[in-house]
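Thank you all for coming. I would like to walk through one model today, starting from a single pair of residues and working outwards.

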Amino acid sequence: MKNFILLFVLAFSVCWSSQAFAKVNVFACAPEWGALAEEIGGDNVSITVATAASQDVHFVRAKPSLLTAMRKADLVFCSGASLEQGWLPLLVRKAGDRDVQQESIGWLMASDYVEKLDVMANADRSQGHVHPEGNPHVHLDPRNIDIIAEMLAERLLLIDRENMAVYQSNLARFKEKWANLSQKWVGDTSSLKGKQVVVYHNAWSYLLNWLGMDVIATLEPKPGVPPTAAHLEAVLARVDNASVQAILVAPYEDGDAAQWLSDKTSIPVVQLPFTVGGDAKATNLEMLFEQTITKLKGA
Amino acid sequence: MSKKLLLAAVSVAALNVSPAFAASDEELKLLRAEIAKMQATYEAKINELEGKLEAIETRQSTANTMQANTVAVTSVQPSARPATAQRPINNSSFNPEIGVILQGQYQSFSNDSGEFAGFAIGEEGERGEEGLGIDETELNFSASVDNLFRASSTVALHEHEGDLEVELEEAYVETLALPYGMQAKAGRFFSELGYLNSHHAHSDDFADRPLPNRAFLDSNYNDDGVQISMILPTDLYTEIGAGAFRGSDFPGGGAEGSDIGAWTAYGRVGGDIGNNTSWRIGASTLQANDVSREANEDTVTFEGDSDLYILDGRAVIAPTGNSAEQEIILQGEYFYRDENGTYEDTDFGTGVVDYDDAQSGWYAQTVYKFLPKWRVGARYAQLYAGDTPAGLAGSALDSEGHDPWSGTAMIDWTNSEFSRARLQYNHEELADGQNDNQIMLQYIMSIGAHGAHAF
């Protein structure tokens, strides 16, 4: 009760003290984070999504329009784990004000809050484009989305306290929906458990970990290094007699190597959407997972 | 009770690490409490869910994946997670970040002379040395100083005529958290002038700088001074800025006393066309006053005022929407230099001759990435020497009616963002009949921390 009164007073003082707050400007590095910000922020946020599903988020230019978006950003919402290392720090340095510097409320890196896979004790660039902090592609595990949604709601309500109640109820609604969906998906995908796949890049670690699937081979000889003929031959030898469900590629990845392997082995190439907008039907987070599961099971 | 204490501690911790968010202690504590309450409501639900999940998982368990799942699910358990704790600071495992750029090359020129007709060229603007050699080795140290400042220094080592030269290319501090899209920079740095000047040579798309940058900026203008810039709150990217400098770097020179020797100002706009094309255009000026500068290996002296105006444009197109796959870069700059003062060419014994004239130049280039690792490029550059005062006839400043030009073709291979090898062919005719066919083979490697390059 005491808490309640305090809160009431606080809510009032906040309303009185802050000037009318415009929409919270969210700078989302990738479509999946833009989609999540839309779920939790609703009409109270204005979202700029820095990259499209057709782009590899590792390699993006710090282009002028992104500087403009960064200049007005109240919240920078990205994967982190140095996925955006090639362009995000530059944008923040050049255009970010103190609200969105590292260690501030306006700096939310999703991978900081989930259990990371593929963490490397020792990393050297001869191992390719590696992320010693762990695999940054954290969004394809619904359990991670759930955690990150909470973190996002917390940041939004700290930035825009006037609309605290809205973010809370959006989060509650999303979490309930997500819990039901996750449960359904676990049931839907039981047949995939233990199946093996070939991947182009280790972009699917979280998805496969969630589904209990295994990677038997990677088309890239090293992360970020395009497939070579010698490496593909080695992959071919490895998968030849194994039972492999599919060869997974993302929309921004070159499908030639996957097709070559498929022609040799008759393992189907499956292009998963990878992120929101990655195929025509994956228009939001729910449909991203639905499409991913449908395509995986269809393989 | 202990939970409250914990929350209080967490709030204090959050405040400590985040001075930017200086809301009152009390408010934050309350918010935290509210969040915790909110989370507690879900705790029950999540526990229930967890139970269900576990039940399902036990039914179809495979022992090893089970373990991984449990770890992840447990981390869902809501706790009063501090908003800004437990996060590694990216790319600062070394403080400061240290980066080294190594460059090496083989160059061959068919003509003995690389003189520019009608222009007096600084040391960095001259063509390089023939044969095998290492080009500049750059050592960069940079780091955030604290929450408000970042500092960077770049030392370039290179050999010039057998002597090892150490050049302090950049040594500056910049602000990190000025409001209204503003940023201030102080120290020595590559000024915002046109497109190429603010970029380090190792990020260029060709092995050498285009003719106008060599003639008018001695490849790079990096003077000591201050610069302030501001990104305007417009939907179209708009940036303006200005700087004040000592005036000791080419085209300035001989700066002494307390005067501001050179001023700069620039403005640029940019944006996207559709999803696949980005562009920027800009205008800038460098006004150097009371210059006393020596060029052409100290044989030509200019004294007076030197005003330079530059227009620049650049567009980057990703035909497939994925720039990692294919990319086209179009880029060009136009230079106009108006000088008022005196020239003297001691080699020709011209004496001090009054000079009031303008010279200009431009380049246009395109680079096409046709495969993820391969790019080809072409460039054309042209200079216009302008009229020669009678007193300078026959000297280095007499172009004899010839306007220097050069045509370039290049192909490069980029194994990763840290390594590149390049083959380039130039045909230059910098003076009448002085045809020079140049072959350049180079590598550029980067080790250690290496920040992103600007658009």
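Let me begin in strand S8 of chain A, where Val270(A) is the bridge partner of Leu248(A). Before going further, I should say that this is a predicted model, in which local features need pLDDT of at least 70 and side-chain atom pairs count only at pLDDT 80 or more, while totals for chains, interfaces and linings use all residues. Residues are numbered from 1 along each chain as its sequence is written, and chains are lettered from A and ligands numbered from 1 in the order in which they are written.

Strand S7 of chain A, residues 244-249, runs parallel to S8(A), and three bridges join the two. The strands, like the helices, are DSSP runs numbered from the N terminus, with at least two residues (E) for a strand and at least four (H or I) for a helix, and two strands count as paired if DSSP finds at least two bridges between them. As general background, strands of a sheet pair through backbone hydrogen bonds, either parallel or antiparallel.

These strands belong to an open sheet of four, in the order S6-S5-S7-S8 of chain A, with parallel pairing. At its edges are S6(A), residues 214-218, and S8(A), residues 269-271, each of which pairs on one side only. On average, neighbouring strands of this sheet are turned by 35 degrees against each other, direction ignored. Helix H8 of chain A, residues 229-239, lies across S5(A), S6(A) and S7(A), and runs at about 145 degrees to S6(A). Such angles run from 0 to 180 degrees between N-to-C directions, and the axes are lines fitted to C-alpha atoms, for helices over the stretch in contact; contact here requires C-beta atoms, placed from the backbone, to lie within 7 Å.

Chain A also has an open sheet of four strands in the order S2-S1-S3-S4, again with parallel pairing. Its edges are S2(A), residues 45-49, and S4(A), residues 107-109, each with a single partner strand, so one side of each is left without a neighbour in the sheet. The twist from one strand to the next averages 20 degrees. Five bridges pair S1(A), residues 24-28, with S2(A) in the parallel sense, and Val24(A) stands opposite Val45(A) in S2(A).

Now to a pair of helices: which residues of H4(A) do those of H3(A) meet? Leu66(A), Leu67(A), Met70(A) and Arg71(A) in H3(A) meet Leu91(A), Val92(A), Lys94(A) and Ala95(A) in H4(A). The axes of H3(A), residues 64-71, and H4(A), residues 88-95, come within 9 Å and cross at roughly 60 degrees. That makes H3(A) oblique to H4(A), since angles under 35 degrees count as roughly parallel, over 145 as roughly antiparallel, 65 to 115 as roughly perpendicular and the rest as oblique. H3(A) is also mostly covered, with seven of its eight residues buried, where buried means that 20 or more other C-beta atoms, placed from the backbone, lie within 10 Å of a residue's own, exposed means 12 or fewer, and partly exposed is in between.

Let me finish with chain B. A cis peptide bond, with omega about 10 degrees, joins Phe250(B) and Pro251(B), and Pro251(B) lies in the loop between strands S8 (237-245) and S9 (262-273) of chain B. Asp290(B), which is found in strand S10 of chain B, has a positive phi, near 45 degrees. For comparison, most residues other than glycine have a negative phi, and most peptide bonds are trans.

Conventions
Contact = placed C-beta atoms within 7 Å.
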